[in-house]
Amino acid sequence: MRIGIIGAGKVGTTLGKYLSVHGKNVTGFYSRTHESADEAATFAETETYSSLCKLVEKSDVIFITTPDGVIHQVWGDLLHQDISNRIICHFSGSLSSHVFSGREEAGASGISMHPMYAFSDKETSWLQFQKAYLTMEGSEKAVAVMRSLFEGLGHTVYGLDSADKVKYHAAAVLASNAVVGLFYSAQQLLSECGFAEEESRKLLAPLITENVSSIVKNGCAKALTGPVERADVQTVKNHLAALQGSDEEAVYRSISKKLTALAKCRNPQRDYTALERIMDEKYSTDL
């Protein structure tokens, strides 16, 4: 199996290096700029292609690792090539394989594959990629081939309905990017208390790392702690007073509603009525 990669960013470079190191035949890279393709190819110890036609000619499987907004354009360019008997695979979390419209007429198979993984940078992301779980949907043939490839490398692979791709990606964003946003909000609040950025990171690090570890090990309900779980209405009121009128107040209310529902599952005997009521009220000083 010969794998060519279109796109030389973090995802493409990581996949190219990872597969090459594990003995897979990565034919090379093609990108919008020759310089970026050459940089990725050098890092992955493979070839650089100056034309899309040559990459297609030399590859049985074509990975599209460009930004989501470019995938449709790349597919349009591929339709002008002879892609018969090729597997075309993109790595968008939100787009399905339906972006490859007309693939049957072109004699190709299409698949969308998404690693549930944070690609932090080009140079080091490949080192931990073997831990990534993958989801796939698309043509039966393409899914079978890609599943065999990545399961052979030790990955867990899940099937996914194409209609669920956007919701699936939203879940990934909430668990990853949104957590960064929450951490940033916490840092901003600590800066208002006089802590420098580095100090706030160190202060919050044990809290967030232990919490994530507990979630992964025990599940959300068992990992939940804090004033919402305890139904500590007065503390929650004090928090809302301190955050009144800020962006953080809206975030705190929204997240606390979700935590209250989770707390009720954990503690069915505990009364959360008062807490639910204040989450739905605009804060006033007489609360």
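So, helix α8: Phe183, Ser185, Gln187 and Leu190 are buried there, where buried means under 20% relative accessible area, exposed means over 50%, and partly exposed is in between, with a 1.4 Å probe and protein chains only. When I say helix or strand, I'm talking about DSSP runs, H or I of at least four residues for helices and E of at least two for strands, numbered from the N terminus. The buried residues of α8 pack against α9 (197–218) and α13 (247–266), and contact here is heavy atoms within 4.5 Å.

Quick word on what we're looking at. This is a predicted model, where local features need pLDDT of at least 70, side-chain atom pairs count only at pLDDT 80 or more, and totals for chains, interfaces and linings use all residues. Residues are numbered from 1 along each chain as its sequence is written, and side-chain values use heavy atoms, with hydrogens and water left out.

Back to α8, residues 177–192. How far should its 16 residues span at 1.5 Å a residue? The answer is 22 Å, and the end C-alpha atoms sit 23 Å apart, which agrees; the expected span is 1.5 Å times one less than the number of residues. Just after α8 you hit Gly194, with a positive phi of about 100°.

Now the helix pairs. Two packed helices are described by the angle between their axes and the distance between the axes. The axes are lines fitted to C-alpha atoms, for helices over the stretch in contact, and the angles run from 0 to 180 degrees between N-to-C directions.

Helix α7, residues 165–175, packs with α8 at about 30°, axes 3 Å apart. So α7 is roughly parallel to α8; the cut-offs are under 35 degrees for roughly parallel, over 145 for roughly antiparallel, 65 to 115 for roughly perpendicular, and oblique for the rest. On the α7 side the contact uses Ala172, Val173, Leu174 and Ala175, and α8 brings Asn177, Ala178 and Val179. By class that's six nonpolar, one polar and no charged residues. For the classes, Ala, Val, Leu, Ile, Met, Phe, Trp, Tyr, Cys and Pro are nonpolar, Asp, Glu, Lys and Arg are charged, and the others, Gly among them, are polar.

The other pair is α1 (residues 10–21) and α2 (residues 34–44), at about 25° with axes 8 Å apart. That makes α1 roughly parallel to α2. Thr13, Gly16, Lys17 and Ser20 of α1 meet Ala40, Phe43 and Ala44 of α2, giving three nonpolar, three polar and one charged residues.

On to the loops. Right between α2 and β3 (47–48) is Glu45. Is Glu45 buried or exposed? It's exposed, at 65% relative accessible area. Its phi is near 55°, positive in a residue other than glycine. Most residues other than glycine have a negative phi. Ala231 also has a positive phi, about 60°, although it isn't a glycine, and it lies in the loop between α11 (227–230) and α12 (233–243).

Thr66 is in the loop between β4 (61–64) and α4. Thr66 is buried, at 16%, and touches Ile6, Gly7, Ile71 and Val74, not counting residues up to four places away in sequence.

Last stop, Ser84, in the loop between α4 (68–78) and β5 (87–90). Ser84 is partly exposed, at 26%. With that same sequence neighbourhood of up to four places left out, Ser84 touches Ala106 and Gly107. Its C-alpha is 9.4 Å from that of Asp60, 24 residues apart along the chain.
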